[in-house]
Amino acid sequence: MKAILLVSHGSRSPKTKEEIIVLVDLLRQALKNCHSRASGNPIVEFAFLEIESPSIPEGIDKCVSQGATEIVVTLNFLNAGRHVNEDIPAIVQAAQKKYPLIKITITQPIGQHPQIPNLFIDLINNA
């Protein structure tokens, strides 16, 4: 079973976690609408790199405890940097050693997606 682990930086602001919870709920619903009953719905969880919980290792553990055989660590980071290039891959590598039979991959940062310019245009047009 596939799992999506949405990873964000983390913040001391409670609003940030609330926004992530809403985003994950929207993602769950969108995935439910686009998957057939035969393929089942993927597991969707969230985690934070720092400050907030659950941590990335805790998020991975939660996915595995729900039966994940594949985890897509989905980066809710706009651009590459130390966290994206070093910190998160190191955490995922440790998790891969802990769960050698689970396939764990990491997406590119969201800013690398080809639809980002359209998102910015939408934000600009609605400002």
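**Salt bridges, cores and a surface patch**

Visitor: Does Lys-62 count as buried, exposed or partly exposed?

Guide: This is a predicted model, in which local features need pLDDT of at least 70 and side-chain atom pairs count only at pLDDT 80 or more, while totals for chains, interfaces and linings use all residues. Residues are numbered from 1 along each chain as its sequence is written, and side-chain values use heavy atoms, with hydrogens and water left out. Buried means under 20% relative accessible area, exposed over 50%, and partly exposed in between (1.4 Å probe, protein chains only). At 43% relative accessibility, Lys-62 counts as partly exposed.

Visitor: How far apart are the closest N and O atoms of Glu-45 and Lys-62?

Guide: A salt bridge is a side-chain nitrogen of Lys or Arg within 4 Å of a carboxyl oxygen of Asp or Glu. Glu-45 and Lys-62 form one, and the distance between their closest N and O atoms is 3.4 Å.

Visitor: How many residues apart in sequence are the parts that this pair ties together?

Guide: Helices (H or I, at least four residues) and strands (E, at least two) are DSSP runs, numbered from the N terminus. Glu-45 lies in strand β2 and Lys-62 in helix α2, so the parts tied together are separated in sequence by 17 residues.

Visitor: Which residue, besides Lys-62, Glu-45 and Asp-25, is linked in the network of salt bridges?

Guide: Glu-45 is buried at 8% relative accessibility. It also forms a salt bridge at 3.8 Å, closest N to O, with a residue of helix α1 (residues 14-34). That partner has a relative accessible area of 33% and is partly exposed. The remaining member of the network is Arg-28.

Visitor: What is the N to O distance between Asp-61 and Lys-98?

Guide: Asp-61 is partly exposed at 27% relative accessibility, whereas Lys-98 is exposed at 51%. Their side chains meet in a salt bridge with an N to O distance of 3.0 Å.

Visitor: How many salt bridges are there in the whole structure?

Guide: The pair of Asp-61 and Lys-98 is a salt bridge, and so is the pair of Glu-45 and Lys-62. A search of the whole structure gives a count of seven.

Visitor: Which residues touch the most other members of the largest nonpolar core?

Guide: A nonpolar core is a set of buried Ala, Val, Leu, Ile, Met, Phe, Trp, Tyr and Cys residues joined through side-chain atoms within 4.5 Å. The largest one has 21 residues, and those touching the most other members are Leu-5, Ile-56, Ile-60, Ile-71, Val-73, Ile-88 and Ile-104.

Visitor: Which elements give two or more residues to this core?

Guide: Three of them are strands, namely β1 (2-8), β2 (43-48) and β3 (70-75). The others are the helices α2 (56-65) and α3 (82-98).

Visitor: Which element gives the largest share of this core?

Guide: The largest share is four residues. It comes from α3.

Visitor: Are the rings of Phe-46 and Phe-48 stacked, tilted or edge-to-face?

Guide: Rings of Phe, Tyr and Trp (its six-membered ring) pair if their centres lie within 6.5 Å; planes under 30 degrees apart count as stacked, over 60 as edge-to-face and the rest as tilted. Phe-46 and Phe-48 are both buried, and the count comes to one aromatic pair. Their ring centres are 5.8 Å apart and the planes are at 70 degrees, so the pair is edge-to-face.
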